[in-house]
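Here is a friendly walk through a two-chain protein model, meant to be read with the structure open beside you. We begin in the interior and work outward to the charged pairs.

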Amino acid sequence: MDSLQNLIPETMLPDMMFYVFAGLTLGFGILVVANPFSRNPVTSAMFLVLAVISMAGLFVLLHAFFLAAVQVIVYAGAVMVLFLFVIMLLDIKDEQKRKIKKGFLLAGLLSVGTIAGLFIKGLHATRLDAHPSPTTEGDTALLGKLLFGQYVLPFEVVSVLLLVAMVGVILLSKKDLK
Amino acid sequence: MDWNFIIFSAVKIAVVIGVVQGMVAYAVLAERKISAWIQDRVGPNRTAPPFAKHIPVLGRLLTRLGMFQPLADGLKFMFKEDFTPAGVRKIYFFLAPAIAVIPAMLTVAVIPFGSVLGGQKMVIADLNVGILYTFGIVSLGVYGIVLAGYAANSKFPFLGGIRSSAQMISYEISMGLSVIPVLLIVGNLNLGQIIGWQAQHGWLILYAPLAFVIFLVASFAETNRLPFDLPEAETELVGGYHTEYGSMKFALFFLGEYSNMIASSGMMVTLFFGGWTLPFWGLDHPAATLVSGIIHILIFLVKMAAFIVLFIWVRWMFPRFRYDQLMDLGWRRFLPLALVNILITAIILWMRA
C-alpha cells in the first residue's frame, strides 16, 4: 500500500502537475495559432478554450481556487462562447485560404519577443527562494478585502476602462442616434 | 496520498454517476407518464420482459406504470444504426455529444447529497468555492450544443446552436447574480456550510425568495427546458441542434439535458431548501448512526424528485416563449431585478450589523 506513497513524495505531486498543466497550456496555445492539421478558426477558438482551462489548473496548483473558478466562468464560459458565436456568423472560407504575410509575421514575432523579454527580465529580478505571502490563499473574503481596500483604485480604474469600451461599442452599433 | 480517501472517493463517484444515470432513465419515464396524465392519455403501459407476467400482482402493476420502458428505450438507442450523415464536420460531430454530457455529470460532484455515512462525508468534492465551481462547469455546458449545431453543417441545427449560446450566456448572468444574496446572507461559498447555516437559521427560501424565483427561471433557461427550449424548438427549427443526430449520440444529448435538470434540482434543494436537512424530528444534525445517514440521503432525493416533477409539470403546462421575449425577460427584467435584490439584501445586512 505504501509503495506508491514512498515513490512519489507528497511535495512532488504539485510540481509534476505544474509541468503537466504548463505543458498543456503551451501546447494548446501553439495549436491556437499554428495548427498543422486545420486552419479552421472554430478549431483555433476551441484550443484557446482548452488553453484557458489548463491555465485554471495552474491557478488551482497555486491554491487560488477563486481565481481558477473565475477564469473558467469568465474566459472559457462567456468570452470564448461569444468568440465562437462571432466566428460562426462570419464567412470563414476566405480566412482559411488567406496566406500568411511576411509583414504580419514580423510584427507578431516582434511583439511576442518584446513580451517574452519583459517576462524574462521580471523572472531575473525575482529571488527564487522568496515565498509569496499566503494571505490570499483560496480565501474569497480576504481577496475581496484586498480588492476593495488596498487595491480599490486600480480595480475601479479597470472597471471604468471596461465600461468605456462597452459604451463605445453601443455607440458604434447604433446606426442613427436619437 | 491517502489511500482511504482515494478508495472512498472512487466508490462515491461510481455510485453517484450510477444513481444519476438511473434517475435520468426514470425521469424520462416520469416525463412521459406525467405528460400523458396532463393530456388525458395513459402513457407507456405495456412494455415488459417475458417473465413479468408470471409475477402475481406486482408484475402487472409495474408493467402498467411503465417501469420497464426505460430499459427498452435504452436498448433501442444502443442497437440502432449509428448513422453519420454525409457533409457533417466529423470530429465535432463525434465530440459534441460527449461535451454535452461531461459538464452535466461534473456539476454533481460538489452537491452534498447526505450528511455523514460511516464516517464519510456524503459529498464527492468538499470545495470551499463550491458554488463557483458549479457555475464554471455549467458555463462550459453550452459548448456541447454550439458545437453540435456547428458540426451538423446545415441551417436549422446551426440556428439552434447559435440561439442556445446567446440564451445560455444571457441567463447565466441572472443565475449568478441571483445567488449572490444567498452568499451575502450565509457568508460562505461552501455548499456544506450553506446547508449547515440553514439547519441553524431556517431554509434560505424564507430569507431570499426573490433570489429563488430568479434562480428557478434561469435554471429552466440553462437546461433548455420548455418554456425556454428555443435551441430545439421543433416547430421552427425542425429539431434544433440535434437534428442530424441519431441512435446513442442523440441519447447522449438527452442524457445531458436530464442530468442538467437533476443537477440544477440538486442545487436548488441545497441552496434554498436546506439540502438533506428537515427542521423537525432532529434531522438537521449530521447523522450519528447509519440509519439516520440513509434517511438524510432519502430526504435529499425526495426533495430533488419534487423539483424534477416541477420541471416536467411546467414543460407540459406552458407554451414556448418567442426568442425576443426570452431575451427581453433575461436582460431587461431579471438582470435589474437580481441587481436590486443584491442591493436590498446588502443594505439590510449592513443595517443589522
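In this predicted model, the largest nonpolar core holds 75 residues, and B:Phe215, B:Leu271 and B:Phe272 have the most contacts inside it. Helix α11 of chain B gives the most to this core, with 10 residues. A second core, of 37 residues, lies apart from it and includes A:Ala45, B:Tyr92, B:Leu140 and B:Ile162.

B:Phe272 is a good residue to click on. Leaving aside residues up to four places away in sequence, B:Phe272 touches B:Val182, B:Gln198, B:Trp203, B:Leu204, B:Ile205, B:Ala208, B:Ala211, B:Phe212 and B:Phe215.

**An enclosed helix**

Why is helix α6 of chain B described as largely enclosed by the rest of the structure? Of its 11 residues (142-152), 11 are buried, so the helix is largely enclosed. Among them are B:Val142, B:Tyr143, B:Ile145 and B:Tyr150, along with the glycines B:Gly144 and B:Gly149. The buried residues of α6(B) pack against α4 (90-107), α5 (130-140), α7 (155-186) and α11 (247-272) of chain B, and also against α3 (41-61) and α4 (65-89) of chain A. Just after the helix, B:Asn153 takes a positive phi of about 60°.

**Chain A and the contact with chain B**

Chain A has 8 helices and 0 strands. Of its 178 residues, 20% count as buried. Among its contacts between residues at least 6 apart in sequence, 58% join residues at least 24 apart.

How much area do chain A and chain B bury between them? The value is about 2300 Å², with 76% of it on carbon and sulfur atoms. The contact takes 28 residues from chain A and 24 residues from chain B. Between the two chains there are 0 salt bridges, while 3 residue pairs are in polar contact across the interface. On the side of chain A that touches chain B, α1 (3-7), α3 and α4 each supply at least two residues. The largest share there, 15 residues, comes from α4(A). By type, that side of chain A divides into 21 nonpolar, 6 polar and 1 charged.

A:Thr43, in helix α3 of chain A, gives a close-up of a contact between the chains. This threonine touches A:Asn35 and A:Ser38 as well as B:Tyr92, not counting residues up to four places away in sequence. A:Thr43 has 12% relative accessibility, so it counts as buried.

**Charged pairs**

Side chains of opposite charge can pair when their charged atoms come close. Over all chains, the structure has 6 salt bridges, and the table gives some examples from chain B.

| Salt bridge | Closest N to O |
|---|---|
| B:Asp73 and B:Arg32 | 3.1 Å |
| B:Asp324 and B:Arg322 | 2.9 Å |
| B:Asp328 and B:Arg332 | 3.4 Å |

The pair of B:Asp73 and B:Arg32 links distant parts of the chain: B:Asp73 lies in helix α3 (residues 69-79) of chain B and B:Arg32 in helix α1 (residues 3-38) of chain B, 41 residues apart. In contrast, B:Asp328 and B:Arg332 both sit in helix α13 (residues 323-352) of chain B, 4 residues apart, or about one turn of the helix. B:Asp328 and B:Arg332 also join B:Arg333 in a network of salt bridges.

How accessible are residues in these pairs? B:Arg32 is partly exposed at 31% relative accessibility, and B:Asp324 is partly exposed at 44%. B:Arg332, at 62%, counts as exposed.

Technical notes
Residues numbered from 1 in each chain as written. Chains lettered and ligands numbered in written order. Predicted model: local features only at pLDDT ≥ 70, side-chain atom pairs only at ≥ 80, totals over all residues. Heavy atoms only, no water. Buried < 20%, exposed > 50% of the residue type's maximum accessible area, 1.4 Å probe, protein only. Contact = heavy atoms within 4.5 Å. Core = buried A, V, L, I, M, F, W, Y, C linked by side-chain atoms within 4.5 Å. Buried area = accessible area lost by both parts, 1.4 Å probe. Salt bridge = Lys/Arg side-chain N within 4 Å of Asp/Glu carboxyl O. Polar contact = N/O pair within 3.5 Å; in protein donor to acceptor, adjacent residues only side chain to side chain. Nonpolar A, V, L, I, M, F, W, Y, C, P; charged D, E, K, R; others polar.
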